[in-house]
Amino acid sequence: MKKQIKDVVLQQLSIKEIDSLDIKYLSTKPIFKCDFPVFTLLNKSKYWGNMTLSAQCNKTTQYIQIYVSVIGKYFVANQPISAGTQITEDHIKMRSGQLDQLPASVIIDKAEIINKIAIRNINNEEPLKSAMLQKNWRIKAGQIVKVMINGDGYLIATNGKALSNGALDDLINIKLQSGNIVEGLVTEQGITILNK
């Protein structure tokens with residue numbers, strides 16, 4: 001049964017960099033009236049620490065309180081980072097540690113860091129948390145942008161007004177001069193390309 005619970009937790013974690021995972025029951029170990037209960041984690045956004053599982057067994061549901069401790073990789077600042085800095089690989093390094101002892105918002109995926117902007121000063125060796133960073137907006141809401149409309153055998157260049165902020169590779173809505181609202185992709189050149 002513990003293996004089944006561990007599999008459910010690992011499936012939710014989907015972290016590539018786990019060194020070890022341990023599960024402890026916070027109450028007495030449950031006894032089930034079937035051989036293969038169906039386990040479901042109740043908090044889909046929590047990956048470690050105190051967690052609650054539901055166990056479906058012969059049309060009855062039991063709730064199990066567990067504590068998940070995880071040793072895995074996370075990112076820290078490799079140097080002091082000033083507010084407003086765009087984060088690159090040189091600014092960060094990976095650490096291994098007890099993730100359940102760190103703040104819940106500690107970042108474990110490098111893709112959530114690179115090219116983001118520090119919204120406050122970050123100290124050397126400080127664990128990076130999602131609240132410290134924001135997207136690097138290529139386009140701001142209200143900005144007039146060049147819009148390239150790609151179609152079969154044609155390319156139309158026009159202008160439009162961005163209706164929201166957009167980072168590289170984000171899909172955002174653009175209001176064209178005709179008044180139509182279309183969805184476009186923010187590209188490297190800072191222009192939005194639409195496929196019609």
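**Entry 1: contacts of V9.** I began with V9 and looked up what its heavy atoms touch in this predicted model: leaving aside residues up to four places away in sequence, V9 is in contact with L21, I23, L41, I66 and V68. I then placed V9 in helix α1, and I noted that it counts as buried, because its relative accessibility is 1%, against a cut-off of under 20%. I also looked up how V9 lies with respect to T40, and I found that the two are 31 residues apart in sequence, while their C-alpha atoms are 8.9 Å apart in space.

**Entry 2: helix α1.** I turned next to the helix that holds V9. Helix α1 spans residues 2-13, twelve residues in total, and from its first C-alpha to its last it reaches 16 Å, close to the 16 Å expected at 1.5 Å a residue. Which residues of α1 are buried? I listed I5, V8, V9, Q12 and L13. These cover an arc of only 140° around the axis, which puts them on the same side of α1. On the other side of the helix I found K3 and Q11, which are exposed. I then asked what covers the buried residues of α1, and I recorded that the cover includes strands β1 (18-25), β2, β3 and β4 (60-77).

**Entry 3: strand β2.** Having met β2 as part of that cover, I followed its side chains along residues 38-41 and saw that they alternate. F39 and L41 point to one face and are buried, whereas V38 and T40 point to the other face and are not buried. I set beside this the general expectation that, in a regular strand, side chains alternate between the two faces of the sheet. L41, on the buried face of β2, is also one of the residues that V9 touches.

**Entry 4: pairing of β2 with β3.** How many bridges join β2 to β3? I noted four, with strand β3 covering residues 49-57 and the two strands running antiparallel. For F39, I looked up the bridge partner in β3 and found A55.

**Entry 5: aromatic rings.** Last, I searched for aromatic pairs and found that the structure holds one. The rings belong to Y47 and W48; their centres are 6.0 Å apart and their planes stand at 50°, so I entered the pair as tilted. I then checked whether each partner is buried or exposed: Y47 is partly exposed, with a relative accessible area of 32%, whereas W48, at 7% relative accessibility, counts as buried.

How values were computed: Residues are numbered from 1 along each chain as its sequence is written. This is a predicted model: local features need pLDDT of at least 70, side-chain atom pairs count only at pLDDT 80 or more; totals for chains, interfaces and linings use all residues. Side-chain values use heavy atoms; hydrogens and water are left out. Buried means under 20% relative accessible area, exposed over 50%, partly exposed in between (1.4 Å probe, protein chains only). Two strands pair if DSSP finds at least two bridges between them. The expected span of a helix is 1.5 Å times one less than its number of residues. The arc is that of the directions from the helix axis to the C-beta atoms. Contact means heavy atoms within 4.5 Å. Rings of Phe, Tyr and Trp (its six-membered ring) pair if their centres lie within 6.5 Å; planes under 30 degrees apart count as stacked, over 60 as edge-to-face and the rest as tilted.
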